[in-house]
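What follows is a guided reading of one protein model, going from its strands to its core, its loops and its ligand. Please keep the sequence and the structure in view while reading.

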Amino acid sequence: MSSFDTLAKNWDKNARRVAVAKSVADHIKKCAGENLKIMDFGCGTGLLSYNLTDIAQKIVGIDNSPKMVEEFNKKSPNLQKIKAYASLKDIDERFDLIVSSMTFHHIPDIPKLVAKLSRYIIPEGMICVADLHKEDGSFHDRGNEGVYHFGFDVDWLVEIFSEQGFELVCEETPFVIQKQKAYPLFLLCFKKRS
Ligand SMILES: C[S@@+](CC[C@H](N)C(=O)[O-])C[C@H]1O[C@@H](n2cnc3c(N)ncnc32)[C@H](O)[C@@H]1O
């Protein structure tokens, strides 16, 4: 069982996580269109996904924690419209928009992930990623197991996406998480060149 499995049941009780997801969704809506097919990579219990239903025709969540997937799907009023899966291998379609919030720092090989995600996006589609700016490793109160990046250098991410044919169309600071110090988040939205 992954540590995210053990956290799934009480994930939404953390008011800060709820507020981050709402703010990231509000900022994504400034850049994205409407009536979209959306994938949420590292969807967790769906805090971000369920804030995007008003711009979605369909939402597919992906999370490798089965318990997160279970919590996500419990909330769905219509599994045809919004449903989570445990693996990208279950998905055989392309999306107008891929979103991901606070997940990239848990992924060891970011260039590999971006190459993989780019295969699921239509030409001119968008990928929006929210995560921490570079930090000193003090962000995670429970320790850094499963944390592969202490935040990101935004210019490095822009380079990785550019290598996969994406251009940066929007950069925002959707939230600043206040703990013992401030941890600002970035939101980067990339458009796939046709
Ligand atoms: C910090 S949580 C963020 C969850 C959600 N996006 C939110 O904002 O509430 C990171 C999520 O990424 C998932 N995750 C980590 N590695 C993953 C991988 N390789 N593939 C899919 N999901 C992954 C975890 O299970 C967890 O639910």
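Strands E4 and E5 make a good starting point, for they pair in the parallel sense over six bridges, and within this pairing Leu97 has Met126 in E5 as its bridge partner. The model is a predicted one, and the description below should be read with that in mind. Strand E5 is largely enclosed by the rest of the structure, because nine of its 12 residues are buried.

From E5, which covers residues 121-132, the eye can pass to strand E8, residues 182-192, since the two are joined by seven bridges and run antiparallel; here Ile127 has Phe190 in E8 as its bridge partner. Strand E8 also pairs with strand E6 (residues 166-172), again in the antiparallel sense and over six bridges, and in that pairing Cys189 of E8 is the partner of Cys170. Strand E7, a run comprising residues 176-178, is joined to E8 by three bridges and runs antiparallel to it, with Ile177 standing opposite Tyr183 in E8. The connection from E7 to E8 is a hairpin made through three residues.

Gln180 lies in that loop between E7 and E8. Is Gln180 buried or exposed? Gln180 counts as exposed because it has 8 C-beta neighbours inside 10 Å, where a residue with 12 or fewer is called exposed. Although Gln180 and Ser138 are 42 residues apart in sequence, their C-alpha atoms are 9.0 Å apart in space.

Strands E2 and E3 form another pairing: E2, residues 56-62, and E3 pair in the parallel sense over four bridges, and Gly61 has Ala84 in E3 as its bridge partner. Along E3 the side chains alternate, so that Ile82 and Ala84 point to one face and are buried, while Lys83 and Tyr85 point to the other face and are not. Tyr85, which lies in this strand of residues 82-85, is partly exposed because 18 other C-beta atoms lie within 10 Å, a count that falls between the 12 or fewer of an exposed residue and the 20 or more of a buried one. Leaving aside neighbours within four places in sequence, Tyr85 is in contact with Val60, Ile62, Val69, Asp90 and Ile91. Leu52, by contrast, is 33 residues from Tyr85 in sequence and 17 Å from it in space, taken from C-alpha to C-alpha.

Helix H2 can be taken next. This helix has 17 residues and reaches 25 Å from its first C-alpha to its last, close to the 24 Å expected at 1.5 Å a residue. Its buried residues are Val20, Ala21, Ser23, Val24, Ala25, His27 and Ile28, and the buried residues of H2 pack against E4, E5, E6, E7 and E8. For Val24, once neighbours within four places in sequence are set aside, the contacts are Leu48, Ser101, Ala130, Pro174, Phe175 and Leu187.

Val24 also leads to the core. The largest nonpolar core has 49 residues, and those with the most contacts inside it are Val24, Ile98, Ile127 and Cys128; E5 gives the most to this core, with seven residues. In soluble globular proteins, nonpolar side chains tend to be buried together.

Two residues in loops deserve a look at their backbone. Asn35, in the loop between helix H2 (15-31) and strand E1 (36-41), has a positive phi of about 55° although it is not a glycine. Met102, in the loop between strand E4 (95-101) and helix H4 (110-118), likewise has a positive phi, of about 60°, although it is not a glycine. Their surroundings can be stated separately: Asn35 is exposed because 9 other C-beta atoms lie within 10 Å, whereas Met102 is buried because 21 other C-beta atoms lie within 10 Å.

The ligand comes last. Which residues come nearest to it, of the 18 around it? They are Phe4, Gly42, Gly44, Asn64 and Ser65. By class, the shell around the ligand has nine nonpolar, seven polar and two charged residues.

Key:
Residues are numbered from 1 along each chain as its sequence is written. This is a predicted model: local features need pLDDT of at least 70, side-chain atom pairs count only at pLDDT 80 or more; totals for chains, interfaces and linings use all residues. A residue is near a molecule or strand if its C-beta atom, placed from the backbone, lies within 6 Å of it. Ala, Val, Leu, Ile, Met, Phe, Trp, Tyr, Cys and Pro count as nonpolar, Asp, Glu, Lys and Arg as charged, and the others, Gly among them, as polar. Two strands pair if DSSP finds at least two bridges between them. A nonpolar core is a set of buried Ala, Val, Leu, Ile, Met, Phe, Trp, Tyr and Cys residues joined through C-beta atoms within 7 Å. Two residues are in contact if their C-beta atoms, placed from the backbone, lie within 7 Å. The expected span of a helix is 1.5 Å times one less than its number of residues.
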